[in-house]
Amino acid sequence: MKIKVAAIIEARMLSNRLPGKVLKKITNKEILKIIIERVKQSKKIDKIIVATTTNRKDDKIVSFLKKLKIPCYRGSSHNVLNRIINCAKKYKINHILRVTGDNPLTDCLLIDHMITYYEKNNKFDYITNNHFADKKKRKIAYGLDLSIFSLKSLQLVKKLSKNDKVFQEYPTLYYHTDGKNKFKTKNINSPKELIISNKFRLTVDTIQDLKFFKMLFKEYFKLYKKDEYVELPKVMKIFKKNPSLLKINEEIIHYVPKIIS
């Protein structure tokens with residue numbers, strides 16, 4: 001059964017370690033634009049909306065999105081759970097692909113793989129590809145994480161989590177902690193050819209991460225001059241050819257909420 005799934009990309013200018021990171025450039029293109037263009041390559045995404053905040057600093061994001069003609073929702077800076085729910089309600093979205101604005105290698109093939117499973121197994125309230133953030137079980141690199149869930153189930157998360165701040169800040173966390181016995185959830189393994197090991201860090205949270213991506217994209221387009229889309233299997237080839245790349249941000253500790261760390 002075909003289900004309409006919309007991508008909601010979370011993006012804001014305020015960031016503790018790297019302020020304004022979503023509009024930082026990699027090879028002369030803003031990170032947020034890179035992510036939007038990569039999600040657009042999906043054959044199964046119905047629409048794309050960026051969920052940002054009412055903070056004045058996010059006016060820059062709103063202006064940027066107007067130029068790209070990408071719809072935008074502005075909501076709470078601190079309550080991401082409410083922001084996603086209200087964004088979905090405004091744009092009449094029943095099924096949500098959650099994407100964060102700091103993952104430049106968000107991949108259209110991974111997205112389509114996830115949505116295909118979600119369509120065929122619509123009994124699930126929530127599916128993910130990161131083994132529910134379990135460090136010991138996760139197989140994929142930080143930065144390739146995706147999750148799909150229904151608006152109906154997320155509204156129930158809001159009700160059950162009783163305004164707990166950790167769940168407001170990390171809206172999908174409830175599905176695999178306090179709510180793991182209340183929802184039907186599933187981890188979906190990625191196709192082998194699209195797996196980049198969990199020892200790699202493919203998200204932008206620090207200046208070292210940004211430097212890493214600038215070098216990675218530079219090396220990628222040097223080798224694959226005709227490509228417009230950075231393909232994950234080819235990224236692995238870049239890593240094998242340039243192992244020193246991985247040292248740029250290998251010491252950065254990925255933040256995990258205490259409830260699951």
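# Reading a Predicted Fold

Guide: Let us begin with one side chain: that of arginine 98 makes a polar contact, at 3.4 Å, with the side chain of threonine 172. Please bear in mind that this is a predicted model.

Visitor: Where does arginine 98 lie, and is arginine 98 buried or exposed?

Guide: Arginine 98 belongs to strand 6, which covers residues 95-100. A residue is called buried when its relative accessible area is under 20%. Arginine 98 has 16%, so this residue is buried.

Visitor: Which residues does arginine 98 touch, leaving aside those up to four places away in sequence?

Guide: With that exclusion, arginine 98 touches Ile8, Glu10, Ile84, Leu146, Ser147, Phe149, Pro171 and Thr172. Threonine 172, the polar partner named at the start, is thus among these contacts.

Visitor: How should I read the strands around strand 6?

Guide: The general idea is that side chains in a regular strand alternate between the two faces of the sheet. In this model, strand 6 pairs with two strands that we may take in turn. Strand 1 (5-10) runs parallel to strand 6, and five bridges join them. Within that pairing, glutamate 10 stands opposite threonine 100. Strand 8, residues 147-150, pairs with strand 6 in the antiparallel sense over four bridges. Here leucine 97 faces isoleucine 148 of strand 8 as its opposite residue.

Visitor: In which sense do strand 4 and strand 5 pair, and over how many bridges?

Guide: Strand 4 (residues 45-53) and strand 5 (residues 72-75) are parallel partners, with four bridges between them. Valine 50 stands opposite cysteine 72 of strand 5. Together with helix 2 (residues 59-68), these two strands make a β-α-β unit, and the unit is right-handed.

Visitor: How many disulfides are there?

Guide: A disulfide is a covalent bond between the sulfur atoms of two cysteines. In this model the count is zero. Cysteine 72 shows the case: the nearest cysteine sulfur belongs to cysteine 87 and is 8.2 Å away, whereas a disulfide requires the sulfur atoms to be within 2.5 Å.

Visitor: Are cysteine 72 and cysteine 108 buried or exposed?

Guide: Cysteine 72 counts as buried because its relative accessibility is 19%. Cysteine 108 is buried as well, with a value of 9%.

Visitor: How do I check the length of a helix, for example helix 7?

Guide: One allows 1.5 Å a residue and compares the expected span with the distance between the end C-alpha atoms. Helix 7 (residues 207-223) has 17 residues and should therefore span 24 Å; its end C-alpha atoms are 25 Å apart, which agrees.

Visitor: What do the buried residues of helix 7 pack against?

Guide: They pack against strand 2, helix 1 (31-40) and helix 8 (232-241). The buried residues of helix 7 include Leu210, Phe212, Phe213 and Leu216. Glu219 and Tyr220 are also among them.

Visitor: How many residues of helix 1 are buried?

Guide: Seven of its ten residues are buried, and helix 1 is accordingly described as mostly covered. The buried positions are Ile31, Leu32, Ile34, Ile35, Ile36, Arg38 and Val39.

Visitor: Which backbone angle should I inspect in the loops?

Guide: One may look for a positive phi in a residue that is not a glycine. Lysine 92 is such a case, with phi of about 55°. Lysine 92 lies in the loop between helix 3 (80-90) and strand 6, and counts as exposed because its relative accessibility is 73%. Asparagine 163 also has a positive phi, near 60°. Its loop runs between helix 5 (151-161) and helix 6 (165-169), and at 57% relative accessibility asparagine 163 counts as exposed.

Visitor: Is serine 190, in the loop between strand 9 and helix 7, buried or exposed?

Guide: Serine 190 is buried, because its relative accessibility is 10%. Apart from residues up to four places away in sequence, serine 190 touches Leu110, His113, Asn129, Ile140 and Ile195. Serine 190 and lysine 139 are 51 residues apart along the chain, while their C-alpha atoms are separated by 8.8 Å.

Visitor: What of asparagine 16, in the loop between strand 1 and strand 2?

Guide: Asparagine 16 counts as exposed because its relative accessibility is 82%. Between asparagine 16 and lysine 165 there are 18 Å in space, C-alpha to C-alpha, and a separation of 149 residues in sequence.

Notes: Residues numbered from 1 in each chain as written. Predicted model: local features only at pLDDT ≥ 70, side-chain atom pairs only at ≥ 80, totals over all residues. Heavy atoms only, no water. Buried < 20%, exposed > 50% of the residue type's maximum accessible area, 1.4 Å probe, protein only. Polar contact = N/O pair within 3.5 Å; in protein donor to acceptor, adjacent residues only side chain to side chain. Contact = heavy atoms within 4.5 Å. Pairing = 2+ DSSP bridges. Right-handed = clockwise from strand over helix to strand, strands pointing away. Expected span 1.5 Å × (residues − 1).
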